[in-house]
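Please look over the sequence and the fold below, and then follow the paragraphs with the structure open beside you, finding each part as it is named.

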Amino acid sequence: MSAVEEREAAPAAAAASSAAGGAMVMAAAAAAAAASGPSDSLHHVGASNPSQQEQLEQLELEEGPSSKKRARLEPESGSASGSAGSGSAAAGSAAAGGAKAAGENKLEERLYSVLCCTVCLDLPKASVYQCTNGHLMCAGCFIHLLADARLKEEQATCPNCRCEISKSLCCRNLAVEKAVSELPSECGFCLKQFPRSILERHQKEDCQDREKVEEAGDLRVMQCKYKRIGCPWLGPFHELTAHEGECGHPTKTGNELMEILDEMDQNHKKEMQLYNSIFNLLSFEKIGYTGTDFCSQTCHKKEVQFRPYRTDDFITRLYYETPRFTVLNQTWVLKARVNDSERNPNLSCKRTLSFQLILKSKVNSPMECSFLLLKGPYDDVKINPVIYHFAFTNESNETDYLPLPIIDSVECNKLLAAKNINLRLFIFQIQK
């Protein structure tokens with residue numbers, strides 16, 4: 001047989017084999033129908049007429065029940081995948097919520113690090129100052145830098161960029177002050193978080209856990225109920241119960257309590273003496289003070305103004321002196337020094353000021369006076385009133401250096417950081 005005849009005979013053989021296969025399938029179907037009964041046989045015989053039905057039956061015989069099993073498993077697997085998808089979605093939402101909370105915490109921490117003072121690395125509690133390059137300083141550190149520069153006779157500089165700083169070169173950053181006021185802070189009584197701007201009002205008015213507080217002082221600080229017998233404890237409300245349970249003052253003996261009460265009586269006696277002395281001095285005939293002299297045309301300011309100077313020593317020291325001023329028809333001068341002329345007061349954390357009153361006029365007879373220094377009308381420095389006494393003569397015309405009764409070193413730094421120190425002097429002449 002030739003090649004052409006072989007190519008033509010191949011399709012005919014294939015068709016014959018497929019026809020033989022189809023005849024075998026039909027015979028098997030007829031045998032199955034005869035074995036199953038008449039109804040099934042009628043059904044299969046009726047269904048075996050179309051050629052498409054034959055092909056479907058052939059596929060069923062070839063594949064068997066595995067196709068139906070797969071059809072049943074597919075919905076189950078779909079439902080399982082759906083539940084797995086919902087679980088993953090819930091897990092994803094929880095993770096997203098956790099990530100959001102973590103992001104908020106991280107943002108809060110980043111704001112703390114960005115808005116903190118460059119000197120003490122703490123959030124400012126009041127005013128915020130910035131140098132010409134934008135570095136932030138809280139009011140306390142800013143004043144401390146200026147005071148140190150005054151003591152060392154140097155120009156104050158920014159700790160970060162070393163640019164010059166002063167009250168005229170630096171300005172307040174109101175945007176940072178407002179941002180800091182919105183950061184959360186914990187209430188010392190109820191331990192809840194509140195914005196720093198409303199925390200003080202909450203503690204004074206709204207907090208339900210704030211009970212017995214100090215009447216004259218900081219309302220955010222609690223005192224022990226045994227303070228009347230000498231307990232000096234101060235702290236937040238949530239620590240008060242634990243402290244009072246452990247406080248040792250209720251177990252003190254009678255002699256120990258009497259010593260504490262005697263000391264309290266002495267302090268109260270000193271306060272009453274000062275109170276009565278001031279009222280007695282106000283009844284004197286000759287009273288003079290430095291202040292503002294109002295006249296019909298001009299207003300002459302006569303506050304005593306301490307100006308900074310340096311000594312002529314090899315290691316210069318800072319001191320203050322006022323121009324001459326007139327009180328009670330006499331000419332006076334005031335001098336002041338830091339830490340009693342300590343060699344390096346800038347290295348000391350505790351800083352004090354002392355002053356000396358000098359009479360420059362000549363007097364015919366001893367001039368016995370009482371005097372005291374108070375803060376000026378436009379200053380915010382805190383000074384406790386203390387009355388001093390001295391008898392001025394031509395031979396003894398200056399007092400010893402007397403402590404200026406400022407409250408603490410922070411108030412002293414405020415005075416040192418200022419360009420000049422403005423105070424008000426009262427002199428009461430004692431008549432014989």
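The lining of the largest cavity draws on two strands in particular, since β15 and β19 each supply at least two of its residues, and β15 gives the most, with three. This is a predicted model, and the cavity in it has a volume of about 40 Å³. The residues that line the largest cavity are Phe306, Ala336, Leu353, Ser354, Phe355, Leu373, Leu404, Ile421 and Leu423. Rolling a probe the size of a water molecule over the atoms shows where empty space is left, and by the rule used here the count comes to two cavities of 30 Å³ or more.

One of these lining residues, Ser354, deserves a closer look, and the reader can find Ser354 in strand β15. Is Ser354 buried or exposed? Its relative accessibility is 4%, and because a residue under 20% is called buried, Ser354 counts as buried. Its side chain makes a polar contact with the side chain of Asp340, at 3.1 Å. If the neighbours within four places in sequence are left aside, Ser354 is in contact with Lys335, Ala336, Arg337, Asp340, Tyr401, Leu402, Pro403 and Leu404, and of these partners Ala336 and Leu404 are also named in the lining of the largest cavity.

Strands β15 (353-359) and β19 (421-429) appear again when we turn to helix α10, for the buried residues of this helix pack against both of them, as well as against α5, β12 (318-321) and β14 (330-338). Helix α10 covers residues 409-417 and is mostly covered itself, with seven of its nine residues buried; these are Ser409, Glu411, Cys412, Asn413, Leu415, Leu416 and Ala417. At the N-terminal end of α10, Asp408 acts as a cap, with a side-chain oxygen that lies 3.3 Å from the backbone nitrogen of Val410.

Helix α5, one of the elements against which α10 packs, leads on to a small group of strands. This helix, residues 139-152, lies across β1 and β2 and runs at about 90 degrees to β2. Strands of a sheet pair through backbone hydrogen bonds, either parallel or antiparallel. Here three strands form an open sheet in the order β2-β1-β3, with antiparallel pairing, and the edge strands, β2 (136-138) and β3 (171-172), each pair on one side only. Between β1, which spans residues 128-130, and β2 the antiparallel pairing extends over three bridges, and Gln130 stands opposite Leu136 in β2.

Elsewhere there is an open space to consider, the second largest pocket, which has a volume of about 380 Å³. Which residues lie nearest its centre? The lining consists of 14 residues, and Lys227, Arg228, Gly230, Cys231 and Met264 are the ones that lie nearest the centre. Helix α9, residues 254-281, gives the most to the lining of this pocket, with six residues.

Stepping back to the whole protein, the reader will find 10 helices and 19 strands. Of its 432 residues, 29% count as buried, and Ser354, with which we began our closer look, is counted as buried too. Finally, among the contacts in the protein with a separation of 6 or more, residues 24 or more positions apart account for 52%.

Technical notes: Residues are numbered from 1 along each chain as its sequence is written. This is a predicted model: local features need pLDDT of at least 70, side-chain atom pairs count only at pLDDT 80 or more; totals for chains, interfaces and linings use all residues. Side-chain values use heavy atoms; hydrogens and water are left out. Two strands pair if DSSP finds at least two bridges between them. Helices (H or I, at least four residues) and strands (E, at least two) are DSSP runs, numbered from the N terminus. Contact means heavy atoms within 4.5 Å. Axes are lines fitted to C-alpha atoms, for helices over the stretch in contact, and angles run from 0 to 180 degrees between N-to-C directions. Buried means under 20% relative accessible area, exposed over 50%, partly exposed in between (1.4 Å probe, protein chains only). A polar contact is a pair of N or O atoms within 3.5 Å; within protein, one must be able to donate a hydrogen and the other to accept it, and residues adjacent in sequence count only if both atoms are side-chain atoms. On a 1 Å grid over the protein atoms alone, a cavity is a set of points where a 1.4 Å probe fits but cannot get out, and a pocket is an open set with protein on both sides within 12 Å along at least five of seven lines; lining residues have an atom within 4 Å of a point. Grid points are joined across faces, edges and corners, and a volume is the space filled by probe spheres set on the points.
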